[in-house]
Amino acid sequence: MTLTQATSETVRMLRFDRVQRGAHWITAALFGVLIVTAIPLYFGSFFGLVWPRHLVVQIHLWSGVALPVPIIVSLLGPWGASMRRDVRRINMWTRQEMRWLKTLGETPLVADKFNPGQKLNAIFIGASIVIMLVTGSMLQWFRFFPVPWREGATFVHDVFAFAIFAVVIGHIAMALTHRGALRSIFTGWVSESWAAKHAPVWLKEEKTGSDAID
Amino acid sequence: MSFPREVSPSSEPPKRINVGRRVFLSLAALGAVGVAFGASIQNFIGNAFGSGLGGLLPGGDHFRIYSITGTYPKVSRQNYRLKVSGLVHDARTFTIEDLEAMPKTAFVKNFQCVTGWKVPDVHWEGVQLSHILKVVGVKKGAVALTFESYDRADSESLTLDQAHLPDVIVAYRMLGAPVTTEHGGPVRLYVAPMFGYKSLKWLSAIHVVDQEVPGFWEQNGYPVNGWLDGTVGPKNPDPGLT
């Protein structure tokens with residue numbers, strides 16, 4: 001091997017391929033647009049004079065409709081192998097991972113490619129996309145639904161909007177304080193020493209070609 | 001809840017459980033329950049915390065401010081005029097003082113948008129539309145009213161019978177203060193038994209006509225008779241609903 005001279009600092013591992021990075025950043029951009037447009041729509045009393053509401057509504061609506069597209073496209077098709085593998089990783093948890101999350105990181109963890117917090121973030125965002133899409137569609141195409149359902153859809157859309165806002169803020173805060181992980185969503189790469197510290201299960205798997213998930 | 005200690009030797013990968021799918025489906029189920037019972041939950045929040053704090057909570061009391069044109073027409077109290085014309089004996093133009101001099105009607109009723117949001121217990125004050133019609137005198141052959149807005153975009157309609165309902169008012173006070181510009185002030189329509197889009201904002205003119213002309217939202221697919229119980233006939237079969 002030509003890499004025998006390299007240290008674990010310089011050996012790089014691909015954490016996110018091009019397809020995953022693309023899906024992440026398009027989804028992130030759409031979430032950004034949705035959050036920015038949601039604020040004047042929700043707090044209309046304060047922003048109504050500044051914003052042409054109908055335009056804001058259209059931007060919010062179509063960004064919302066587009067929201068699941070990058071993830072679906074990245075999962076389907078021959079380019080989606082890494083994406084599909086990571087979805088399986090996020091799905092499957094060891095008891096140790098569950099315990100680590102329940103104790104908020106107080107119990108030992110031999111981490112997978114993603115730690116339980118990261119996994120939970122991905123699951124929450126995935127479910128939120130579905131919930132927001134369904135309730136948002138009920139608000140937009142309301143005449144197919146009875147009035148109490150419309151009220152319920154408004155309620156759920158509002159509550160999840162607040163939850164998503166909090167989770168996204170948390171996600172960005174964690175990213176900014178974990179530079180190695182942050183760099184990997186821009187460039188795709190992490191160092192082997194990063195993987196040894198933060199994702200030993202994944203590192204072992206990549207080294208040995210074994211598969212802990214399936 | 002406790003789990004057995006990890007005893008599996010390192011050669012054997014630990015057992016994995018599909019937590020992702022379970023959490024995902026639980027959240028989806030939570031969303032579905034929220035859609036089904038959200039209206040009741042919202043009422044509970046409104047009752048438990050009142051409209052003040054309730055307004056700060058998600059799902060609390062919020063007006064979503066709509067404007068067709070993207071701006072609000074600014075009409076001062078001094079410059080405000082309401083023109084009433086058409087099939088009437090005495091076409092008139094009223095100032096806001098003229099309206100305030102008429103018998104006042106005040107009540108507390110919900111504002112319910114057709115898209116699903118509701119602001120409970122809004123305080124309304126104004127003059128019954130039926131009184132204005134009495135002042136101008138409706139001619140024979142009149143069957144409906146059309147309403148115009150200072151925004152030059154919105155329009156509305158009511159049948160003559162609907163216009164005589166006691167809780168259909170020309171409102172100049174709302175939420176305990178003069179109607180603000182964003183809520184359609186200085187003067188707006190409030191049609192209590194129907195969805196919010198019937199309560200035209202920035203009311204500028206009323207025409208009494210011999211046939212019903214669908215308004216802006218009706219031309220965009222909303223029912224002409226937008227009763228809160230979801231019926232769309234000219235008469236509400238359940239007058240007690242409001």
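What percentage of the 214 residues of chain A count as buried? I began my notebook with this question, and the value I found is 31% of the residues of chain A. I note at the outset that this is a predicted model, so I looked at confidence before going further.

**Entry 1: confidence in chain A**

I looked up the pLDDT of chain A, which averages 89, with 90% of the residues scoring at least 70. Going through the elements of the chain, I found the highest mean, 97, in helix 4 (residues 69–75) of chain A and the lowest, 58, in helix 2 (residues 44–47) of chain A. I keep in mind that predicted coordinates should not be read in detail where pLDDT is low.

**Entry 2: the make-up of chain A**

I counted the secondary structure of chain A and found 11 helices and three strands, which follow the pattern β-α-α-α-α-α-β-α-α-α-α-β-α-α when I read along the sequence. I also looked at how far apart in sequence the contacting residues are: of the contacts in chain A with a separation of 6 or more, 63% are between residues 24 or more positions apart.

**Entry 3: helix 1 of chain A**

I then turned to helix 1 of chain A, which covers residues 18–42 and has 25 residues. From its first C-alpha to its last, helix 1 of chain A reaches 35 Å, and this is close to the 36 Å expected at 1.5 Å a residue. I listed the buried residues of this helix, namely Gln20(A), Ala23(A), Leu30(A), Phe31(A), Leu34(A), Thr37(A), Ala38(A) and Pro40(A). To read such a list I recall that an α-helix has 3.6 residues a turn, so residues three or four places apart point the same way.

I picked Ile26(A) as a residue of helix 1 of chain A to look at by itself. Why is Ile26(A) partly exposed? I found 17 other C-beta atoms within 10 Å of Ile26(A), whereas the cut-off for a buried residue is 20 or more and that for an exposed one is 12 or fewer. I also noted that the C-alpha atoms of Ile26(A) and Ala66(A), which are 40 residues apart along the chain, are separated by 9.8 Å.

**Entry 4: the make-up of chain B**

For chain B I counted five helices and 11 strands, and I found that buried residues make up 39% of its 242 residues. Among the contacts in chain B between residues at least 6 apart in sequence, 61% join residues at least 24 apart. I looked up the domain assignment of chain B, which gives domain 1 as 17–59 and domain 2 as 82–219; the centres of these two domains, taken over C-alpha atoms, are separated by 35 Å.

**Entry 5: strand 6 of chain B**

I followed strand 6 (residues 144–149) of chain B in detail, and found that six of its six residues are buried, so this strand is largely enclosed by the rest of the structure. Ala144(B), Thr146(B) and Glu148(B) point one way from the strand, while Leu145(B), Phe147(B) and Ser149(B) point the other way.

I next asked which strands pair with strand 6 of chain B. Strand 7 (residues 155–159) of chain B runs antiparallel to strand 6 and is joined to it by five bridges, and here Leu145(B) has Leu158(B) as its bridge partner. The hairpin of these two strands has five residues between the strands, and in it Arg152(B) takes a positive phi near 60°. Strand 11 (residues 203–209) of chain B also runs antiparallel to strand 6, with six bridges, and Phe147(B) stands opposite Ile206(B) in strand 11.

**Entry 6: where the chains touch**

I ended with the contact between the chains, which takes 45 residues from chain A and 40 residues from chain B. On the side of chain B that touches chain A, strand 1 (16–17) and helix 1 (19–54) of chain B each supply at least two residues, and the largest share, 16 residues, comes from helix 1 of chain B. By class, I found 21 nonpolar, 13 polar and six charged residues on this side of chain B.

Strand 1 of chain B pairs with strand 2 (residues 93–94) of chain A in the antiparallel sense over two bridges, and the bridge partner of Trp93(A) is Ile17(B).

I last looked up Glu151(A), which lies in helix 8 (residues 147–177) of chain A and is buried, with 26 other C-beta atoms within 10 Å. Leaving aside its neighbours within four places in sequence, I found Glu151(A) in contact with Gly38(B), Ala39(B), Gln42(B), Gly116(B) and Lys118(B).

Notes:
Residues numbered from 1 in each chain as written. Chains lettered and ligands numbered in written order. Predicted model: local features only at pLDDT ≥ 70, side-chain atom pairs only at ≥ 80, totals over all residues. Helix = DSSP H or I, 4+ residues; strand = E, 2+ residues; numbered from the N terminus. Expected span 1.5 Å × (residues − 1). Contact = placed C-beta atoms within 7 Å. Nonpolar A, V, L, I, M, F, W, Y, C, P; charged D, E, K, R; others polar. Pairing = 2+ DSSP bridges. Domains from an automatic or database assignment. pLDDT = per-residue confidence, 0-100.
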